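Welcome to a short tour of this structure. Have the sequence to hand and follow along in the viewer as each part comes up.

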Amino acid sequence: FGISVDHADEDDHDHSSDESDCGPEEMIYNADRILPNGDYYTGFWCENFPHGQGKYLWTDGCMYVGEWQKGKTAGKGKFSWPSGATYEGEFKNGYMDGKGTYTGAAGDTYRGSWVMNLRYGQGTKSFVNGDYYEGEWRRGLQDGQGRYQWKNGNHYIGQLRHGMIHGNGTMIWSNGNRYDGSWEEGLPKGNGTFRWADGSFYVGV
């Protein structure tokens, strides 16, 4: 769900009097314009680029409302897709970048950090099926330290890699059973201890 350079940009402050980015104040003006490719923009312009507060409609049905800097989304804004998905938050150089909330067409929600259109850093995701994840992300996937809670009550606290349970962590099942130890690609592997709800346990090496 990336935003290309063709999809506009915004800045995190008011450009109506921003001489450093766009020459003298009188060069910034407000206008409605239908572009040669059929896209439509209404808002502030500077040197033939959207610059400042504005609204951009693409012919494919995408829409952006927010701040721009020299033709690129930069600052705070909201991007909407024809599917009904939305992103609201910070942009930089035409990308979702900074803090923001993405809501998918089906209702899944991610709140947290972004770098160049990808979930990156700390964030939480609520899945449509009722599952929930809170923790670290890298390149759009759960990666690092985190906590995954399943709708059925099972939960995992520990390390993940490339979107899978991997490394050291603890899985606690809703029936009281528990495993502490090493994981590899979603499965217990190597050193670990399995404890049953009745208090009995097994130590694996």
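## A strand and its two partners

Let's start with a facing pair: Gly100 stands opposite Gly112 in strand E8. Please keep in mind that this is a predicted model. Gly112's strand pairs with strand E7, residues 95-103, in the antiparallel sense over 6 bridges. E7 and E8 form a hairpin with 5 residues between them, and Gly107 in that turn has a positive phi of about 110°.

E8 has a partner in strand E9 (residues 118-126) too, and here the pairing is again antiparallel, over 6 bridges. If you would like a facing pair to look for, Arg111 stands opposite Thr124 in E9. The hairpin of E8 and E9 has 2 residues between the strands, and Met116 takes a positive phi near 50° there. How much of E8 is buried? The strand is mostly covered, with 5 of its 7 residues buried.

## Thr109 in strand E8

Now zoom in on Thr109, which lies in E8, a strand spanning residues 109-115. Is Thr109 buried or exposed? Its relative accessible area is 12%, and the cut-off for buried is under 20%, so Thr109 counts as buried.

Setting aside neighbours within four places in sequence, Thr109 is in contact with Thr101, Tyr102 and Thr103, and also with Thr124, Lys125 and Ser126. Gly107, the turn residue with the positive phi, comes back here: its backbone oxygen lies 3.4 Å from a polar atom of the Thr109 side chain.

## Asn177 in a loop

Moving along the chain, you will find Asn177 in the loop between strand E13 (164-172) and strand E14 (178-184). With a relative accessible area of 14%, where under 20% is the cut-off, Asn177 is therefore buried too.

Which residues does Asn177 contact, leaving aside neighbours within four places in sequence? They are Met171, Ile172, Phe194, Arg195, Trp196 and Ala197. For Ala197 there is a further detail: its backbone nitrogen lies 3.1 Å from a polar atom of the Asn177 side chain.

## Gly153 in another loop

Our last stop is Gly153, placed in the loop between strand E11 (141-149) and strand E12 (155-161). Its relative accessibility is 28%, which falls between the 20% and 50% cut-offs, so Gly153 counts as partly exposed.

Not counting residues up to four places away in sequence, Gly153 touches Ile172 and Ser174. Ile172 is also among the contacts of Asn177. As for Trp173, its C-alpha atom is separated from that of Gly153 by 6.9 Å, although the two residues are 20 apart along the chain.

Conventions: Residues numbered from 1 in each chain as written. Predicted model: local features only at pLDDT ≥ 70, side-chain atom pairs only at ≥ 80, totals over all residues. Heavy atoms only, no water. Helix = DSSP H or I, 4+ residues; strand = E, 2+ residues; numbered from the N terminus. Buried < 20%, exposed > 50% of the residue type's maximum accessible area, 1.4 Å probe, protein only. Polar contact = N/O pair within 3.5 Å; in protein donor to acceptor, adjacent residues only side chain to side chain. Contact = heavy atoms within 4.5 Å. Pairing = 2+ DSSP bridges.
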